[in-house]
Amino acid sequence: MNQLELANAIAQELQIGGYEADRFLKVTLEKIISVVTSNQPVELQGFGTFAMRPNAPRMGTSPATGEPFNVPARWSAFFKIDKAFKERVEAVPLDQSRTF
C-alpha cells in the first residue's frame, strides 16, 4: 500500500473526502518527522515508537579498493514496534508458497 492508497482507505473509513484524508496523512507524517528530528520520541500506543539514536564513528572499508576510511558519527532514525503490533504480526500464519 502506498501513501495515496492509504489516504484513500482513511477517507473511506472516516467517510471524508480524499483531499482531507491525504492532507491529514501528510500533516501527521510531517509532525512525526518534526518531533523526531528535534530528538524527541513519538510513541503511538499499540503501534510503536519513532525515535533517533546516534551511531558512533567507525572505520569502514571501500568495497572497490579495500582501503579503510572513516565513517563519521551520525544520527539514524529507528522504529520500535509495539508489543500489541508485534503479537498481531506474529499471529499471521506463514504462507509457505509466498516468497520473500
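Against which elements do the buried residues of α2 pack? In this predicted model, the buried residues of α2 pack against the helix α1 and the strands β1 (42-44) and β2 (48-55). The residues concerned are Ala-21, Asp-22, Leu-25, Ile-32 and Val-36. When the helix is viewed down its axis, these buried residues fall within an arc of 100°, so they line one face of α2. On the other side of the helix, Tyr-19 and Lys-31 are exposed.

The dimensions of α2 were also examined. With 19 residues at 1.5 Å a residue, α2 should span 27 Å, and its end C-alpha atoms are indeed 27 Å apart, so the expected and computed values agree.

Two of the buried residues of α2, Ala-21 and Leu-25, belong to the largest nonpolar core, a group of five residues that also includes Ala-7, Ile-10 and Ala-11. Both α1 (3-14) and α2 (18-36) supply at least two residues of this core, and the largest share, three residues, comes from α1. In soluble globular proteins, nonpolar side chains tend to be buried together. Within this group, the contacts of Ala-21 were considered with residues up to four places away in sequence left out; on that basis, Ala-21 touches Ala-7, Ile-10 and Ala-11, and also Ile-16.

The search for salt bridges across the whole structure returned one. The side chains of Lys-26 and Asp-22 meet in a salt bridge, with a nitrogen-to-oxygen distance of 3.1 Å. Both residues lie in helix α2, where they are four residues apart, or about one turn of the helix. Asp-22 is among the buried residues of α2, whereas Lys-26, with a relative accessible area of 46%, is partly exposed.

Towards the other end of the numbering of this helix, Val-35, which is also placed in α2, was examined separately. Val-35 has a relative accessibility of 23% and therefore counts as partly exposed, since the buried class requires a value under 20%. When neighbours within four places in sequence are left aside, Val-35 is in contact with Gln-40, Pro-41 and Val-42. A further separation was computed between Val-35 and Lys-80, which lie 45 residues apart along the chain and whose C-alpha atoms are separated by 16 Å.

Technical notes: Residues are numbered from 1 along each chain as its sequence is written. This is a predicted model: local features need pLDDT of at least 70, side-chain atom pairs count only at pLDDT 80 or more; totals for chains, interfaces and linings use all residues. Side-chain values use heavy atoms; hydrogens and water are left out. A nonpolar core is a set of buried Ala, Val, Leu, Ile, Met, Phe, Trp, Tyr and Cys residues joined through side-chain atoms within 4.5 Å. Buried means under 20% relative accessible area, exposed over 50%, partly exposed in between (1.4 Å probe, protein chains only). Contact means heavy atoms within 4.5 Å. The expected span of a helix is 1.5 Å times one less than its number of residues. The arc is that of the directions from the helix axis to the C-beta atoms. A salt bridge is a side-chain nitrogen of Lys or Arg within 4 Å of a carboxyl oxygen of Asp or Glu.
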